[in-house]
Amino acid sequence: MGFLNKFGIGPSGARESSRPLPSHSSGARQNSPAPAALAAVGPHKAPEKGESTRVSNGLKELLWNLDGLGHGTLLDLGSVWQTTLSFFIERGFRVTSEDVLRAWKEFLDKEEIALREAAGKHDPSVDMTPVGRAARFLQANLQYPAASFDAVLLWDLLDYFEPAMATRTVTSITELLRPGGVVFAMFHSKKPEGFQRYRVLDSSNLQVVSTRVLCPAQRVYQNREIQDLFGRYRTMKSFVGRDQLRETLFIK
């Protein structure tokens, strides 16, 4: 079996929890009081087949943390949606998009082909461990100057990465964030049966779009494991929904 074969969501009533994390950075930006709700971008579109809408307390909290920033920078690591781009651009942000999960899937496919072609051969210079794969992938992806972004939309990508890749990804985006920067992430409470992407509908709602599976979910993270992954962040705030998704913000 090739190693790829091992790689195998609706309103939310949210319960909020917040706790500090160990701090390894200083000069964090102070937040202003929570603003009034921001206006929606464009008219509401009726959900199409395979789409649903969920209230996002995490998104509202993200916008509150970014309020007053001015011309900030945001990195969206999910699928590119014009609605999401327009939402943040109209609020003065410079948005960079990089569909990391799709790139990871393409990378794994190439690795699998290389393994088959090299059957019976051993090249000690190529590290085929999960840590080695993650290192090779990140040599060509998420390549931005340090402290380039004020916010990162990580979505639920960590659930779909190998653990070694998830750890290296968090390390990389932490270096890309400025002090006081915010990561918006989501975690499933159990392995999802399908696969979905997310786009911003307005200042308090996300559209959940069901799509074909790119990479089956790899693991379900417990609270302690999440805290360990984001140990360099000073604050973690979570909103637990009825749809088995937990939205979490991490402030560097």
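User: Why is strand E10 largely enclosed by the rest of the structure?

Analyst: In this predicted model, strand E10 covers residues 245–251, and 7 of its 7 residues are buried, so the strand is largely enclosed by the rest of the structure. Buried here means under 20% relative accessible area.

User: And which way do the residues of E10 point?

Analyst: They point in two opposite ways. Leu245, Glu247, Leu249 and Ile251 point one way from E10, while Arg246, Thr248 and Phe250 point the other way. The residues of both groups are buried.

User: Which strand pairs with E10 over 7 bridges?

Analyst: That is strand E6, residues 177–188, and the pairing with E10 is antiparallel. One bridge can be located on the structure: His188 has Leu245 in E10 as its bridge partner.

User: How many bridges join E9 to E10?

Analyst: Strand E9, residues 235–240, is joined to E10 by 6 bridges, and the two strands run antiparallel. Within this pair, Ser238 stands opposite Thr248 of E10.

User: What do E9 and E10 form together, and what about Gln244?

Analyst: The two strands form a hairpin, with 4 residues between them. Gln244 lies in the turn and has a positive phi of about 65 degrees.

User: Changing topic: what is the strand order in the open sheet of 3 strands?

Analyst: The order is E2-E8-E7, and the pairing is antiparallel. The edge strands are E2, residues 51–55, and E7, residues 196–202, each of which pairs on one side only. On average, neighbouring strands of this sheet are turned by 30 degrees against each other, with direction ignored.

User: How many bridges are there between E7 and E8?

Analyst: There are 6 bridges between E7 and E8, and the strands pair in the antiparallel sense. Strand E8 spans residues 205–210. As an example to look up, Tyr198 stands opposite Val208 in E8.

User: Now cavities. What volume does the largest cavity have?

Analyst: Its volume is about 60 Å³.

User: Which residues line the largest cavity?

Analyst: The lining consists of Gly78, Ser79, Leu101, Trp155, Asp156, Leu157, Phe195, Gln196, Arg197 and Tyr198. Tyr198 is thus a residue of this lining as well as the one that stands opposite Val208 in E8.

User: Which element gives the most to that lining?

Analyst: Strand E7 gives the most, with 3 residues.

User: And what is the lining like by class?

Analyst: The lining of the largest cavity has 5 nonpolar, 3 polar and 2 charged residues.

Methods:
Residues are numbered from 1 along each chain as its sequence is written. This is a predicted model: local features need pLDDT of at least 70, side-chain atom pairs count only at pLDDT 80 or more; totals for chains, interfaces and linings use all residues. Side-chain values use heavy atoms; hydrogens and water are left out. Two strands pair if DSSP finds at least two bridges between them. Axes are lines fitted to C-alpha atoms, for helices over the stretch in contact, and angles run from 0 to 180 degrees between N-to-C directions. Buried means under 20% relative accessible area, exposed over 50%, partly exposed in between (1.4 Å probe, protein chains only). On a 1 Å grid over the protein atoms alone, a cavity is a set of points where a 1.4 Å probe fits but cannot get out, and a pocket is an open set with protein on both sides within 12 Å along at least five of seven lines; lining residues have an atom within 4 Å of a point. Grid points are joined across faces, edges and corners, and a volume is the space filled by probe spheres set on the points. Ala, Val, Leu, Ile, Met, Phe, Trp, Tyr, Cys and Pro count as nonpolar, Asp, Glu, Lys and Arg as charged, and the others, Gly among them, as polar.
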